[in-house]
Amino acid sequence: MNVKINPENKTLEVTQHINFKNNSTNTIKNLVFNDWNHSYSNRRTALGQRFSNQFIRNFHLSTESERGYTTLNFIKINKKNTLWTRNNNQIDLIQVDIPDLKTNDSIEIELNYQIKVPDSKFTKWGFHKNNFYLKDVFIMMAKNTPSGPIYYSNENLEDAFLEDIQELQIHFEVADNYNIQTNLSEITKNTFKILNCKEFEFAIEKTSNFENFSTDHMEIATNLESTKISTLEKAVAIDKIVNYIHRNLGKGKTKKILITQIEYERNPFYGLNQLPAFLSPFSNAFLYELKFLKVYTQNYLKANLNINFRKDHYLLDAIQSYVIYNYIEENYPNLHLIGNLSKYKLIKNYEIAKANFNDQYYLAYLLSARKNLDQSLLESKEKLVKFNEQIAVRYKAGLTLKFLDNYLQDQTVAKTLSEFITLNTNQSTSLNDFEKLLKENSPKKIDWFFNELLAGNTPVDYSFGTTHRKDNQINIEIKNRKHSQIPFEITGFKNKNKVFSQWITPNATIDTTLTFSKKEVDHLALNYDNLFPEVNKTNNFINVKRKLGYNRPLKFTFYQDIENQNCNQIFYYPEYTYNVYDGSVFSVTFNNTGLINKIYNYDFSPSYSTNTQSMTGSGYFSYILNRQNVSNFQTRFSLSGSYFHYLPNASYTKITPSIVFRFRTQEIASNKYKVLSFREVIVNKQDSPFLIDKTIPLKYAIFDTRFSLGNSETAKSYNVTTNLQLGNSMGKWVNEVSFHKLFENNYQFGMRFYGGFFLYNHTNTDYYSFGLDRPKDYLFDYSFYGRNETKGFFSQQIIIAEGGFKSKFANPYANQWLTSINLTSSLWKWIQLYGDVGCYKYKFTAPQWVFDTGIHFNIVPGYFEVFCPVYSKNGWEIGQKNYNEKLRFQFTISTSALLGIFNRKWF
């Protein structure tokens with residue numbers, strides 16, 4: 001392969017020769033080539049769709065000059081030009097029909113093409129400040145299998161499945177002021193070669209900061225970032241890790257490995273990479289060691305595993321996490337999860353300060369499982385939720401091997417891993433080969449390991465059940481809540497000392513009953529101190545001397561913490577909110593909501609209103625029923641209540657029992673959703689002299705049900721909602737449709753339709769009426785800071801609901817029906833134009849048409865927006881007096897709402 005580099009236009013001119021021999025037993029009639037660089041050519045590719053699903057906006061807002069593409073000039077087979085095609089649905093794959101190629105026959109293939117290298121801001125690979133960082137950029141032949149070629153598009157997963165490359169040689173034509181670093185060996189200047197290659201990468205830089213290290217087993221080139229670490233300290237850490245991997249997994253096939261900062265940033269130790277330098281709880285030397293360990297284990301395994309990394313990613317994830325876990329356990333057994341921060345008095349009594357560094361594996365799994373996002377370890381990689389793909393599934397995979405290691409209590413797992421690496425030296429392998437090898441080495445039956453622990457995603461939950469005491473014996477039932485066949489360990493304690501430990505293989509349909517002597521134990525624990533991926537460990541402890549079912553004491557903890565399995569935690573912390581009528585509201589919140597979701601949740605927030613100098617507050621209780629592998633994956637039952645003020649010295653009480661059904665497709669990573677909810681909103685308001693309209697109801701109850709469906713992503717999103725409200729004096733039916741589209745030229749268009757009418761209306765007030773520019777909010781759903789203000793700053797707050805108009809109108813209510821359409825059109829970046837048009841009907845009057853237009857500053861969509869009216873039915877508003885009073889604002893100070901920006905990118 002010959003590559004000419006043109007830094008001025010960010011292109012590579014490539015001439016490529018391939019000698020391909022059919023080593024299979026099948027006749028090959030067509031070939032598929034990965035042209036993954038072309039996946040950057042537009043937003044409709046699988047890569048673009050993945051970015052959109054994960055709310056990664058920079059690719060969809062990029063210019064053509066920032067994106068990449070490939071111009072293929074010709075493909076020749078045995079020196080003859082050959083027709084080639086790109087699949088319409090997978091344009092980063094090239095298909096070529098060839099004359100029948102029988103077993104052991106060979107052909108010569110020549111390709112000539114130009115590569116426009118994409119900007120590195122999308123995936124970190126690409127062009128950056130006149131430097132080139134190249135991976136999966138060249139056209140390479142996809143793997144041929146007995147069922148045909150593999151059609152894998154680029155989805156930013158670094159899992160190309162290529163034909164075995166026995167020898168690769170590449171020469172670069174590049175200016176002398178460039179330096180090239182690669183995992184290939186340099187045979188002459190700018191010419192590189194490697195044998196039995198699985199993956200290759202290049203860093204082509206004007207100023208290189210790579211360092212080279214030589215160990216007994218491997219040549220290392222690395223540019224990992226470090227702070228105040230000497231070359232000697234780096235060399236010691238590198239030699240330590242390379243020798244550890246060599247000792248536990250065996251000699252690698254490659255002689256050289258490239259370890260880059262890019263690779264670490266793409267797959268870091270999450271948590272460590274978010275902390276600023278001055279808060280780093282670990283030494284600089286340890287951080288460097290950890291970084292190198294993470295990247296080296298990954299690159300070593302990718303170079304030595306001859307597997308389908310998309311389908312069988314479990315093998316890579318499990319072995320890497322298992323090896324890292326053991327490395328930390330052996331070399332840093334007393335290391336805490338938050339390092340040196342655990343020594344500070346303010347936090348040393350928190351569970352997170354006591355947690356071991358390796359506890360992060362279980363915590364990451366638990367975070368995903370409690371959200372009902374746990375996926376099978378055998379799910380294809382591109383179908384995983386981002387948090388699972390990058391964190392939870394990788395850590396859970398490692399836990400499964402560690403759990404099996406604890407269960408077998410011998411060297412079976414370690415021996416199997418070493419033998420499996422060796423097996424990959426001369427042949428392609430799969431999970432089936434690993435299963436066969438592991439079962440051959442295991443002294444016990446482990447069908448459950450593959451059939452349930454790996455293949456399933458139903459959470460496992462063992463707990464103590466009924467206890468019977470008779471004479472000197474105790475009969476204790478072990479509940480198998482999820483009908484699992486995975487073994488569990490029971491451990492007995494006497495005076496805080498472990499007295500026995502026993503593994504039990506349960507019956508999936510019958511709970512287990514065990515008998516103990518009262519003198520033998522005083523406490524029992526299930527899966528104590530082992531890495532069983534169980535969804536709930538708070539029910540795994542029992543005090544056998546207590547006759548009451550309450551086995552865990554209460555513990556009050558400030559703010560939040562991870563779970564303590566030995567006690568019931570109550571978290572408390574101060575909160576501050578504001579509204580015009582309560583003024584500053586100071587609250588103390590008590591709840592059981594730690595850092596990880598629970599099934600049962602409660603939250604009580606007694607508060608003090610400074611304006612009224614009285615107590616206010618809110619609270620709720622909820623129960624979440626999660627179900628796996630069904631459409632209705634979650635049902636939430638809740639009861640909530642609040643007590644605040646809606647006018648000066650006039651309070652309201654709201655009580656809401658509700659049930660919410662959430663639905664999703666079998667593709668959990670999809671952003672499509674359906675929600676069906678039922679609730680009864682009961683409101684009791686205090687009368688007030690400020691309440692001018694005395695016909696407004698003070699006590700009422702509204703039954704509210706709604707159904708929503710939609711899809712939310714960067715490139716295109718939509719939502720359809722139908723809502724029915726029924727009360728004693730009124731009934732409403734409302735339909736709402738919203739749509740947003742980001743086009744190829746970065747033009748954005750948004751549309752919202754609202755249509756509602758009264759089924760019946762027996763009131764003489766506008767209290768329940770539809771609002772053009774501001775909803776009446778009689779259900780107290782919206783976070784208005786001044787819900788009844790008619791002038792001043794807080795009267796300018798806008799929440800896009802009902803009519804959705806931004807201009808204020810003299811007669812803004814409709815007590816029969818209302819329809820409106822709200823349009824937005826991008827102007828420049830986050831500056832948009834808006835236009836609204838609607839028609840509404842008031843009793844005994846003719847229908848009226850209204851409209852408005854203006855400029856929309858969409859700074860943080862849904863969280864901070866400003867609307868500037870220009871022209872409406874009121875005339876040219878921009879030229880009228882007191883224009884600043886016509887501006888409308890949408891903003892929030894709610895931390896939970898702002899966290900939604902983060903969560904949607906991961907979950």
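This passage walks through selected helices, cores, strands and buried polar residues of a predicted model.

We can begin with helix H8, which covers residues 359–370. With 12 residues at 1.5 Å a residue, H8 should span 16 Å, and its end C-alpha atoms are indeed 16 Å apart, so expectation and model agree. H8 is also mostly covered, with 10 of its 12 residues buried. The buried set consists of Gln360, Tyr361, Tyr362, Leu363, Ala364, Tyr365, Leu366, Ser368, Ala369 and Arg370. The cover over these residues includes helix H6 (313–331), helix H9 (386–408) and strand E33 (614–626). Just after the helix comes Asn372, with a positive phi of about 60 degrees.

Helix H1 (residues 46–53) offers a second example of helix packing. Its buried residues are Leu47, Gly48, Arg50, Phe51 and Ser52, and these pack against helix H2 (57–60), H9 and strand E38 (716–727). H9 thus appears in the surroundings of H1 as well as in those of H8. A positive phi also follows H1: that of Phe55 is near 55 degrees.

The nonpolar interior comes next. The largest nonpolar core holds 104 residues, and the residues with the most contacts inside it are Ile220, Tyr296, Tyr314, Phe449, Ile490 and Leu524. H9 supplies the largest share of this core, 12 residues. For a closer look at one of the well-connected members, Phe449 is in contact with Tyr314, Thr400, Leu401, Leu404, Leu438 and Leu454, when neighbours within four places in sequence are left aside. A second core, separate from this one, has 54 residues, among them Phe33, Ile109, Phe127 and Phe138.

Strand E33, already met in the cover of H8, has pairing partners of its own. Strand E32 (residues 600–609) pairs with E33 in the antiparallel sense over 10 bridges, and Asn601 stands opposite Ser622 in E33. The two strands form a hairpin with four residues between them, and within the turn Gln613 has a positive phi of about 50 degrees. E33 is also joined to strand E34 (residues 634–647), again antiparallel and by 10 bridges. In that pairing, Gly619 has Gly641 of E34 as its bridge partner.

Gly641 turns up again around a buried lysine, Lys654, which lies in strand E35 (residues 650–663). Lys654 has a relative accessible area of 11%, and it counts as buried because that value is under 20%. Its side chain has a polar partner in the backbone: a polar atom of the Lys654 side chain lies 2.9 Å from the backbone oxygen of Leu779. Beyond neighbours within four places in sequence, the contacts of Lys654 are Ser640, Gly641, Ser642, Arg679, Val681, Ile682, Leu779, Phe780 and Asp781.

A four-stranded sheet can be described in a similar way. This open sheet has the order E25-E24-E27-E28, and its pairing is antiparallel. Strand E25 (497–504) and strand E28 (541–543) stand at the edges; each has a single partner strand, so one side of each is left without a neighbour in the sheet. On average, and with direction ignored, neighbouring strands of the sheet are turned by 15 degrees against each other. The pairing of E25 with strand E24 (residues 488–494) is antiparallel and runs over seven bridges, with Thr491 finding its bridge partner in Ser501 of E25.

The last site is Asn183, in the loop between strand E15 (179–182) and strand E16 (185–188). Asn183 has a relative accessible area of 11% and is therefore buried, the limit being under 20%. Two polar contacts involve its side chain. One is made with the side chain of Thr182, at 3.4 Å; in the other, the Asn183 side chain reaches the backbone nitrogen of Glu201 at 3.2 Å. Not counting residues up to four places away in sequence, Asn183 touches Ile194, Glu199, Phe200, Glu201, Lys256, Ile257 and Leu258. Lys255 stands 72 residues from Asn183 along the chain, yet the C-alpha atoms of the pair are separated by 8.6 Å.

Note on methods:
Residues are numbered from 1 along each chain as its sequence is written. This is a predicted model: local features need pLDDT of at least 70, side-chain atom pairs count only at pLDDT 80 or more; totals for chains, interfaces and linings use all residues. Side-chain values use heavy atoms; hydrogens and water are left out. The expected span of a helix is 1.5 Å times one less than its number of residues. Buried means under 20% relative accessible area, exposed over 50%, partly exposed in between (1.4 Å probe, protein chains only). Contact means heavy atoms within 4.5 Å. A nonpolar core is a set of buried Ala, Val, Leu, Ile, Met, Phe, Trp, Tyr and Cys residues joined through side-chain atoms within 4.5 Å. Two strands pair if DSSP finds at least two bridges between them. A polar contact is a pair of N or O atoms within 3.5 Å; within protein, one must be able to donate a hydrogen and the other to accept it, and residues adjacent in sequence count only if both atoms are side-chain atoms. Axes are lines fitted to C-alpha atoms, for helices over the stretch in contact, and angles run from 0 to 180 degrees between N-to-C directions.
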